[in-house]
Amino acid sequence: LDADRQRQILESYRQHYESQTDLKTAKSQVKPMRHTPLRVGFVSGDFRFHPVSRLLESTLTQFRTNPKFINQVEIFAYSNNRFQDEYTLRLKSKFDVWCDVRDWSDEHLAEQISRDKIDILIDLSGHTQGHRLPVFANKVAPLQVSWMGAWGSTGLSSIDYVLTDSISVPESEESGFA
């Protein structure tokens, strides 16, 4: 796709998801928190035997074993996963809080994230099955990040960062994330 067409597609995604739900109350109440531990939430439809979870597991292990993170980071899972397996059970033990959200409305999920006072909310699904992009579209956390689920922009202006590297997204393709 040329750059103009790619921008049009991303803009249509943004408009679609930002108009899907009306969570303006949550959006207007989002303020950076000043507390310890830092609260990090992960939203995914793939907390099972899946490449995303396999890659995530080592990060979660770091939160539990690296002295820099112990007692400094509290991690929350918002699982939008229909399938649970042994890997799901293994992942559950690595989170401080696990919420099975597959039957929750976007509004209910947004309210829970707000109640949990999440500082950083990480999307692990992108546009893949089990995503909750309408929640992210309404900026329910002070800092929102897209990571791993699909190597491409969500198109949402409410996503503050894309966590990647120069192998996954070469510098020549960075403009596709604007």
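**Exercise 1. A salt bridge across the chain**

Task: In this predicted model, the side chains of R132 and D106 meet in a salt bridge, with 3.0 Å from N to O. Where in the chain do R132 and D106 lie, and is each one buried or exposed?

Solution.
Step 1. Place the two residues. R132 sits in the loop between β4 (120–123) and α6 (133–137). D106 belongs to helix α5.
Step 2. Look at the spacing. The two residues are 26 residues apart, and the pair links distant parts of the chain.
Step 3. Apply the cut-off. Buried means under 20% relative accessible area. R132 has 5% relative accessibility, so R132 counts as buried. D106 has 18%, so D106 counts as buried too.
Step 4. Recall the general idea. Side chains of opposite charge can pair when their charged atoms come close.

**Exercise 2. Two further salt bridges**

Task: Find the partners of R82 and D46. How many salt bridges are counted by this rule?

Solution.
Step 1. Start with R82. Its salt-bridge partner is D103, and the closest N and O atoms are 3.3 Å apart.
Step 2. Place this pair. R82 lies in the loop between β2 (73–79) and α4 (86–92). D103 lies in the loop between β3 (97–100) and α5 (106–115). They are 21 residues apart, and they link distant parts of the chain.
Step 3. Check accessibility. Exposed means over 50%. R82 has a relative accessible area of 54%, so R82 is exposed. D103 has 61% relative accessibility, so D103 is exposed.
Step 4. Turn to D46. D46 forms a salt bridge with R48, with the closest N and O atoms 3.3 Å apart. D46 has a relative accessible area of 4%, so D46 is buried.
Step 5. Give the count. The rule yields eight salt bridges.

**Exercise 3. Building the sheet**

Task: In what order do the six strands of the open sheet lie, and which strands are at the edges?

Solution.
Step 1. Read the order. It is β3-β2-β1-β4-β5-β6, with parallel pairing.
Step 2. Find the edges. β3 and β6 (161–163) are the edge strands, since each pairs on one side only.
Step 3. Add the twist. From one strand to the next, the twist averages 25°.
Step 4. Follow the pairs. β1 and β2 run parallel and are joined by seven bridges. Within this pairing, R39 has E74 in β2 as its bridge partner.
Step 5. Add a helix. α3 packs on the sheet and touches β1, β2 and β5. The direction of α3 makes about 150° with that of β2.

**Exercise 4. Strand β4 and its neighbours**

Task: Which residues stand opposite I122 in β4? Which residues of β4 are buried on each side?

Solution.
Step 1. Look towards strand β1 (residues 38–44). β1 and β4 pair in the parallel sense over four bridges. Here F42 is the bridge partner of I122.
Step 2. Look towards strand β5 (residues 143–147). β4 and β5 also pair in the parallel sense over four bridges. Here V145 stands opposite I122.
Step 3. Use the general pattern. In a regular strand the side chains alternate between the two faces of the sheet.
Step 4. Sort the faces of β4. I120 and I122 are on one side, and L121 and D123 on the other. All four are buried, and both faces are covered.
Step 5. Move on to a residue in β5. S146 lies in that strand. S146 has 5% relative accessibility, so S146 counts as buried. Among its contacts are D123, Y161 and V162.

**Exercise 5. The nonpolar cores**

Task: Which residues have the most contacts inside the largest nonpolar core, and which element gives the most to this core?

Solution.
Step 1. Size the core. The largest nonpolar core has 20 residues.
Step 2. Name its best-connected members. They are F42, F47, L56, F95 and L124.
Step 3. List the elements. β1, α3 (51–65), β2, α4, β4 and β5 each give two or more residues. α3 gives the most, with four residues.
Step 4. Zoom in on L56. Its contacts include F42, F47, F95, L124, W147 and M148.
Step 5. Find another core. Apart from the largest core lies one of 18 residues, among them F76, L109, I113 and L133.

**Exercise 6. Confidence**

Task: Where in the protein chain is confidence lowest, and where is it highest?

Solution.
Step 1. Take the whole chain. The mean pLDDT is 83, and 77% of residues reach 70 or more.
Step 2. Compare elements. Confidence is lowest in helix α2 (residues 24–29), at a mean of 50. It is highest in β3, at 98.

Key:
Residues numbered from 1 in each chain as written. Predicted model: local features only at pLDDT ≥ 70, side-chain atom pairs only at ≥ 80, totals over all residues. Heavy atoms only, no water. Salt bridge = Lys/Arg side-chain N within 4 Å of Asp/Glu carboxyl O. Buried < 20%, exposed > 50% of the residue type's maximum accessible area, 1.4 Å probe, protein only. pLDDT = per-residue confidence, 0-100. Pairing = 2+ DSSP bridges. Core = buried A, V, L, I, M, F, W, Y, C linked by side-chain atoms within 4.5 Å. Contact = heavy atoms within 4.5 Å. Axes fitted to C-alpha atoms, helices over the stretch in contact; angles between N-to-C directions. Lists of a residue's contacts leave out its neighbours within four places in sequence.
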